[in-house]
Amino acid sequence: MAKVGNRQKKTLVCTVCKEENYRVEKNVKNTTDRLDLNKYCPKCGRHTEHKEKK
């Protein structure tokens, strides 16, 4: 049986082309602010900043 916890799936959106590229899990109790990571965007063809979708 799976645990009931504080981890939720969040979507990361490219700041350049606004494409939703990644789904990541985040512990919402420990990390209250939004994620912003440098990830590869296949549409742009380069590494860009990805932010957590609202």
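This is a short talk about strands, cysteines and a few chosen residues in one protein structure.

Good morning, everyone, and before I begin, please keep in mind that what you see is a predicted model. I will start with the strands, then turn to the cysteines, and finish with some single residues.

Let us look at strand β1, which covers residues 7-14, and strand β2, which covers residues 20-27; these two run antiparallel and are joined by seven bridges. Together they form a hairpin, with five residues lying between the two strands. On its other pairing, β1 meets strand β4, made of residues 46-52, again in the antiparallel sense, and here the pairing runs over three bridges. If you would like one position to look for in that second pairing, take V13, whose bridge partner in β4 is K51.

Now let us stay with the hairpin for a moment and look at its turn. Which residue in the turn has a positive phi? That residue is K18, with a phi of about 65°. For those of you who are new to backbone angles, it helps to know that most residues other than glycine have a negative phi. K18 is a residue other than glycine, and yet its phi is positive. This lysine is placed in the loop between β1 and β2, and it counts as exposed because its relative accessible area is 59%, where the cut-off for that word is over 50%.

From the turn we can step back into strand β1, where T11 has its place. Across from T11, in β2, stands R23, and the side chains of these two residues make a polar contact of 2.7 Å. Is T11 buried or exposed? With a relative accessible area of 14%, T11 is buried. Once its neighbours within four places in sequence are set aside, T11 is in contact with E20, Y22, R23, K51, E52 and K53.

Another residue of β1 is K10, and its side chain is joined to that of Q8 by a polar contact of 3.2 Å. Not counting residues up to four places away in sequence, K10 touches several others, among them Y22, V24 and K26. K10 and L35 are 25 residues apart in sequence, while their C-alpha atoms are 9.0 Å apart in space.

K26, which I have just mentioned, lies in strand β2. You might ask why a lysine such as K26 is called buried here; the word applies because its relative accessible area is 6%, and buried means under 20%. Beyond its neighbours within four places in sequence, K26 has contacts that include N6, Q8, D33, L35 and E52.

Let me now move to the cysteines. In general, a disulfide is a covalent bond between the sulfur atoms of two cysteines. How many disulfides does this model hold? The count comes to zero. C17 is in no disulfide, and the nearest cysteine sulfur to it, that of C41, is 3.6 Å away. That distance is too far for a bond, because the two sulfur atoms would have to lie within 2.5 Å. As for their surroundings, C17 is partly exposed, with a relative accessible area of 22%, whereas C41 is buried, at 0%.

C41 also leads us to R46, since R46 touches V16, K39, Y40 and C41 when residues up to four places away in sequence are not counted. R46 lies in strand β4, and at 46% relative accessibility it counts as partly exposed. To place R46 within the whole model, you can compare it with N27, which is 19 residues away in sequence and 28 Å away in space, from C-alpha to C-alpha.

K39, one of the residues that R46 touches, brings me to the aromatic rings. The charged end of K39 sits over the ring of Y22, at 4.7 Å from the centre of that ring. As for rings pairing with one another, the structure holds zero aromatic pairs.

To close, I would suggest holding on to two pictures: β1 is joined to β2 by seven bridges, and β1 also pairs with β4 over three bridges. Thank you for listening.

Notes
Residues are numbered from 1 along each chain as its sequence is written. This is a predicted model: local features need pLDDT of at least 70, side-chain atom pairs count only at pLDDT 80 or more; totals for chains, interfaces and linings use all residues. Side-chain values use heavy atoms; hydrogens and water are left out. Rings of Phe, Tyr and Trp (its six-membered ring) pair if their centres lie within 6.5 Å; planes under 30 degrees apart count as stacked, over 60 as edge-to-face and the rest as tilted. A charge sits over a ring if NZ of Lys or CZ of Arg is within 6 Å of the ring centre and within 35 degrees of the ring normal. Two strands pair if DSSP finds at least two bridges between them. Helices (H or I, at least four residues) and strands (E, at least two) are DSSP runs, numbered from the N terminus. Buried means under 20% relative accessible area, exposed over 50%, partly exposed in between (1.4 Å probe, protein chains only). Contact means heavy atoms within 4.5 Å. A polar contact is a pair of N or O atoms within 3.5 Å; within protein, one must be able to donate a hydrogen and the other to accept it, and residues adjacent in sequence count only if both atoms are side-chain atoms.
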